[in-house]
Amino acid sequence: MNELLKVTDLHASIGDKEILKGINLTVNRGEVHAIMGPNGSGKSTLSAVLAGNPTFTVTGGSATFHGIDLLDLAPEDRSHEGLFLSFQYPVEIPGVSMVNFMRAAVNAKRKYFNQPPMPATEFLKLMREKRAIVELDNKLASRSVNEGFSGGEKKRNEIFQMAVLEPCLSILDETDSGLDIDALRVVAEGVNKLKTPDNATIVITHYQRLLDYIKPDVVHILYKGRIVYTGGPELALELEEKGYDWIKNQVDKEAE
Amino acid sequence: MGALKQYIDLYMSQREAIDAGSADVMNTLRPVALKALEGRELPDRGVEGFEKTSIDEMFAPDYGMNIGRLALPCDVAAAFKCGVPNVSSLLAVVVNDRFVPTATLLKNVPAGVRVMSLADAARQYPDEVARHYGSAASLESAGTALNTLLAQDGIYIHVDRNIKVERPIQIVTLTSTPVPMLTTRRILIVAEEGASLSVLTCDHSMSRDTAALTSQVVEIIAGERSRIDLCDIEETHDTQSRYNQTYVIQHAESNVAIGGMTLQNGTTRNEYRVNIAGRGCECHLGGMAIGSGHQHIDNSSDVKHCAPHSTSHQLFKYVLDDESHGAFEGSIEVTPEAPFTEAYQSDRNILASRGARMHTKPQLLIYNDDVKCSHGATTGQLDDKALFYMQSRGIPRDEARMMLMQAFMAEVVDTVRVEAVRDRLRHLVERRLAGYEAHCSDCKA
């Protein structure tokens, strides 16, 4: 089956405030989608809702992920089924070492698929291989998760985790924010290395910059909780040139 | 109110039997303790210093006492199945208050070191024991006075001048009784000048279906330049109550680290009273409480600096789940005689459920200008952001919670300076947070 994710009329709120107001989105295997939009349009909310963040309440619509009801799954099971969210702000977890964190993640997934825990030597080999993809320093492995990591290290660490978990759908939430140009290149190259005909990526970004490195097949513009415009890669360039105002004006005018 | 009376009555009617089952050095203090108890009551909840725990209530049931010193049935070998085995060949088991040395202990106790029954020590070395017994404990505490009135035996550990005991001494204390009973236990630890030792006490109960109360007074005398480590781990049952009072006297340049770890219990009150009497001392006080069900854990600390140039560190952490209750009241006291004191205290707590409760009261009493002191207390919840982050990586919520709790407690585990003990404790904490029962359930005789 080529269709990986199908989101239909998705509504979500935080408290009384509705943020997603009917999202429709289809992502096929092998595709890279970019979701762009002005601040506060609901981009990060969409990624959080798909990953199962309990802060948000889904009030309507559906999301089907390779044939299963995504919204019915606990966040950990969404991960096991192959969804990965690279956080805009990766969380620091003092006292939990990267090694223990990743071992717990890897073995939880294996348990989900009725496999025994990964033998220690195999696990260490896996860590070594995947670290190389994003040039992540070995020293970070013994440190607490994200604690004291620089902005660039945190984002590289996200892609490292993605490499280990081998998701079929990765959502990169503002992965470019807070990155200098070198770190951006390393992170983007990491993502490109992980690309296969069977998986897909959703890149959420405010700027065109990241899309110079990760080439999208489809670009969506999210505004006021809806996808208001979908086009090819040229749409991102057009936004870079003209800003978001023309879209805003057009949508706001239609609403009147 | 009035729980004390039944024990005084018991003493009055049984004083000869109590004396007969003990030693002169201990018997001598009984009349003094009795006088100290005149007109007193055991503290009730809400009395200053006892905001959340009623000692009176703890002692209210009409517990029996094993004054005749019957050897109660107890499978001592089962104690070896407990969660902290093999830390040391210097192992002793204490059944209620009766000291049971192991063959390896008798063979391995180094010269200049005594690890034995307190009553036996008081009979064999009366002058030595008399010098220390009751020297740190304060009869101003009704609980301590009652313990002194009734205690017949316990543990005596004495290390001669400049002797360094390499291996940790492990004492497994077991409560074992077929009927509801009060155990009065006394522990006396003395390090003479320049001596060093490490003690691990594991408090277990083998009578999970029988309500039992333990009154335990621990006296620690740290001679000049001595070094003492004590780690006390409680893994009992919800039927057990424990009133543990630890008194420490530190002489000049002594270095003492005490850890009180409550992993499983019913109702527990631990008091730590440290008197820094000499200059240049170092004191570390660590406390951990892991509560679930209806566990009640109350720690009270008081580190009193009476001499200059000493440092003290206090760290207490609680993780409370279900309907468990925690209380902490801690103080640092710096007297005018203690300039250049550095004293720190921190209490941090996590409430893992809506039903859990924490009461904390950190205090500073400073009567000297030339000091560095700080204290702080926080009570919060597990970090939701961290939990979601871990779940999004596939770690199930319960496992993520456990990992965060373990990480939170790691800081207290790290206050234990003896590596073998620290490793065992870390293992026990992991097991406990993973939801395993205390091991003593396996060794129900």
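**Close-up 1. B:Asp19, a partly exposed residue, and its salt bridge to B:Arg30.** In this predicted model, B:Asp19 has a relative accessibility of 28% and therefore counts as partly exposed. Its side chain meets that of B:Arg30 in a salt bridge, with 3.1 Å from N to O. B:Asp19 belongs to helix α1 (residues 3-20) of chain B and B:Arg30 to helix α2 (residues 24-36) of chain B; the two residues are eleven apart, and the pair links distant parts of the chain. B:Arg30 counts as buried because its relative accessibility is 0%, under the 20% limit for that class. A search over all chains of the whole structure finds 36 salt bridges.

**Close-up 2. A salt bridge between two loops of chain B, formed by B:Arg69 and B:Asp97**. The closest N and O atoms of B:Arg69 and B:Asp97 are 3.0 Å apart. B:Arg69 sits in the loop between α3 (55-59) and β1 (90-95), and B:Asp97 in the loop between β1 and β2 (98-101), so the salt bridge ties together parts that are 28 residues apart in sequence. With a relative accessible area of 25%, B:Arg69 is partly exposed. B:Asp97, at 12% relative accessibility, counts as buried.

**Close-up 3. B:Glu329 and B:Lys361, a salt bridge between two strands**. The side chains of B:Glu329 and B:Lys361 meet with an N to O distance of 3.8 Å. Strand β16 (residues 325-334) of chain B holds B:Glu329, and strand β18 (residues 357-366) of chain B holds B:Lys361; the pair is 32 residues apart and links distant parts of the chain. B:Glu329 is buried, its relative accessible area being 10%. B:Lys361 is partly exposed, with a value of 25%.

**Close-up 4. The surroundings of B:Thr175, and a salt-bridge network that includes B:Arg185**. B:Thr175 is part of strand β5 (residues 169-175) of chain B. Its relative accessible area is 2%, so B:Thr175 is buried. Leaving aside residues up to four places away in sequence, B:Thr175 touches ten residues of chain B, namely B:Asn96, B:Thr183, B:Arg185, B:His204, B:Ser205, B:Met206, B:Ser207, B:Ala212, B:Thr214 and B:Gln240. B:Arg185 is also linked with B:Asp203, B:Asp232, B:Glu234 and B:Arg242 in a network of salt bridges.

**Close-up 5. The largest nonpolar core, and B:Met288 within it**. This core has 115 residues, and A:Ile93, A:Phe101 and B:Met288 have the most contacts inside it. Helix α9 (residues 397-413) of chain B gives the most to the core, with nine residues. Not counting residues up to four places away in sequence, the residues that B:Met288 touches include B:Met261, B:Leu263, B:Lys317, B:Met409, B:Val412, B:Val413, B:Leu425 and B:Val429. Another core, of 42 residues, lies apart from the largest one; among its members are B:Leu90, B:Ile187, B:Ile258 and B:Tyr272.

**Close-up 6. Helices α5 and α6 of chain A**. The axes of α5 (residues 151-165) and α6 (residues 181-193) come within 10 Å and cross at roughly 5 degrees. That angle makes α5(A) roughly parallel to α6(A), since angles under 35 degrees count as such. On the α5(A) side, the contact is made by A:Gly152, A:Lys155, A:Arg156, A:Ile159 and A:Met162; on the α6(A) side, by A:Ala183, A:Val186, A:Val187, A:Gly190 and A:Val191. Six of the residues in this contact are nonpolar, two are polar and two are charged.

Conventions:
Residues are numbered from 1 along each chain as its sequence is written. Chains are lettered from A and ligands numbered from 1 in the order in which they are written. This is a predicted model: local features need pLDDT of at least 70, side-chain atom pairs count only at pLDDT 80 or more; totals for chains, interfaces and linings use all residues. Side-chain values use heavy atoms; hydrogens and water are left out. Axes are lines fitted to C-alpha atoms, for helices over the stretch in contact, and angles run from 0 to 180 degrees between N-to-C directions. Helices (H or I, at least four residues) and strands (E, at least two) are DSSP runs, numbered from the N terminus. Angles under 35 degrees count as roughly parallel, over 145 as roughly antiparallel, 65 to 115 as roughly perpendicular and the rest as oblique. Contact means heavy atoms within 4.5 Å. Ala, Val, Leu, Ile, Met, Phe, Trp, Tyr, Cys and Pro count as nonpolar, Asp, Glu, Lys and Arg as charged, and the others, Gly among them, as polar. A salt bridge is a side-chain nitrogen of Lys or Arg within 4 Å of a carboxyl oxygen of Asp or Glu. Buried means under 20% relative accessible area, exposed over 50%, partly exposed in between (1.4 Å probe, protein chains only). A nonpolar core is a set of buried Ala, Val, Leu, Ile, Met, Phe, Trp, Tyr and Cys residues joined through side-chain atoms within 4.5 Å.
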